[in-house]
Amino acid sequence: MRLKKMFLPTLKESPADAEVASHRLMVRAGMIRRVAAGVYSLLPLGLRVVRNVERIVREEMTRAGAQEVTMPFVLPAELWKESGRWEVYGKEMLRFRDRHDREFCLAPTHEEAITDMVRGEVRSYRELPVNLYQIQTKFRDEIRPRFGLMRAREFIMKDAYSFHATEESAEEEYRNMYETYSRIFERCGLEFRAVEAETGPIGGSFSHEFMVLADTGEDAVASCTGCGYAANIERAEIGGRPRGSTRVVTEPGKIEKVSTPGMKSVEEVSGFLKVRPSALIKTLIYTTESGVIAALVRGDCELNESKLKRVLGTATLVLADEETVKQATGAPVGFAGPVGLKIPVYADRGVKDITSGVTGANEADAHLVNVVPGRDFDATYADLRVVREGDPCPRCAAAFEIRRGIEVGHIFKLGTKYSEAMGATFLDEKGVERPLIMGCYGIGIGRTAAAAIEQNHDDYGIIWPAPLSPFHCHMVPVNVNDRETLEVSERLYSELVEQGCEVLYDDRDERAGVKFKDADLIGIPVRITISSRTIAQGSVEVKERSSGEVRLVRIEDVARDIRGLFDKGKN
């Protein structure tokens, strides 16, 4: 592609609203342009990258046995009402009425649509399993769209849905998709982790997120330094005692009440009583659909509400308001404690190690000291805290490290959540009607491209992994007005194209410095610089964007050299 003919409007300055590298660089490199909040146009350079991601995804999904379909972007409310999600999905779903006053939405996801498609066609176990996928636009009305393609309202997603007659078949396909996703992100040239995750509004029994590791990632990932276990912070299990646990077996003192006027927070109470925060037993009061409960965690730890919901088996978990707290404990917020409570008490395992604790006294401006779990109160114990750096892995006891990650893929084992609600059934070997067992597997296409930039950039611009790069090489004649330079450039351009290389040929009559800055900004893996100085030596300059390595390559060897670099870089 000759740059003079390409629609490639690069910018010197970053957009004012860009908060992360991928947003800033995709705008500056002429890849995207904002249409509305969270809604972007893809320009030619950006579309080339997105198409590369799509190509890798299609190849691996086909290899895995999935078949491509396309479903509508506009969906009728009736399907969502069948599944029960029309009212509960929330404001992220953009709803509207057509001219006949019928309700529709812009699809935020397609579980209902695919279930409707399959229930109308599949009748027997002999037609199962089947895995159908699409690469389609989605719309989620994010309350705060930001970070360019990382958190847009309109985005491109690959979503796949599998249907099965048995749990064994569903689990086999889950493993198949896990391996497929691992190959996809490996082929994209990305450093990633597959982590155990919460299922969220999609539902299902378990799931894994695929996280591209980057310092700017919104999500925290706990990764074991000794084995392959990894999970997001919401899901990560913890083995043994929490980091910083200092259990000392001593004769417990007698429980006493002390005055703590106006002292509510862990910092205030521990400072006032001159004890470590780890000696405090923090008591939180929650409401659930089954009633009010208390949750305990060590003062220097944070309660993990996702874990607590799983232990309780509840869908609703909300911090109690002031009136509810007063009714349950007899005290204002900040002075609750487990001693004498008449509601169910759940505690993190780390609380059990406290031998002389401090808790609220269930009355205003007072706390209890020398509190001993098991002696002074009873609780149901479980892993309820948020994992921290250095906490032990539940599988091998090695220490966790915490890294930031960008979610680019998510796989779910849905079970019969949608098939039961929507009457999607099949006849088994005995002729008995049963609900289809489902799986769901998504990849953010544009987000993968943006995540690649977050992981691969420097102060000058993007550094594309070879498989995602919009072009294989960037050819820069220093002076197109020099006859010999132009002749060599034109000849090399033809040879490279004939070799199957995709070349961005900067044939503009611009200063060399301008061209080099644009080349670094765009980030194509290899730059070929052609100048009268190197031509006099029978060579051109080849520079690798990632390493900065510069080599002189003989003119007659350039096409073979570049092709070799590209073949080495792709998977």
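The following dialogue examines one residue and one sheet of this predicted model.

Student: Why is R33 called partly exposed?

Tutor: The relative accessible area of R33 is 24%. Buried means under 20% and exposed means over 50%, so R33, at 24%, is partly exposed. The residue lies in strand β1, residues 32-36.

Student: What makes the approach of the R33 side chain to P9 a polar contact?

Tutor: The side chain of R33 reaches the backbone oxygen of P9 at 2.7 Å. The cut-off for a pair of N or O atoms is 3.5 Å, and the value of 2.7 Å is within it. A polar atom of the same side chain lies 2.8 Å from the backbone oxygen of V27, again within 3.5 Å. Both P9 and V27 are among the residues that R33 touches, as are L11 and Y40.

Student: How do you know that β15 and β17 pair?

Tutor: Pairing requires at least two bridges. Strand β15 (residues 291-298) and strand β17 (residues 345-348) share 3 bridges, in the parallel sense, so the two strands pair. Within β17, Y346 is the bridge partner of A295.

Student: What makes β16 and β20 edge strands?

Tutor: The open sheet has 5 strands in the order β16-β14-β15-β17-β20, with mixed pairing. Strands β16 (318-319) and β20 (380-382) each pair on one side only.

Student: Which helix lies across β14 and β15?

Tutor: Helix α8, residues 322-329, lies across both strands and runs at about 110° to β14.

Conventions: Residues numbered from 1 in each chain as written. Predicted model: local features only at pLDDT ≥ 70, side-chain atom pairs only at ≥ 80, totals over all residues. Heavy atoms only, no water. Helix = DSSP H or I, 4+ residues; strand = E, 2+ residues; numbered from the N terminus. Contact = heavy atoms within 4.5 Å. Axes fitted to C-alpha atoms, helices over the stretch in contact; angles between N-to-C directions. Buried < 20%, exposed > 50% of the residue type's maximum accessible area, 1.4 Å probe, protein only. Polar contact = N/O pair within 3.5 Å; in protein donor to acceptor, adjacent residues only side chain to side chain. Lists of a residue's contacts leave out its neighbours within four places in sequence.
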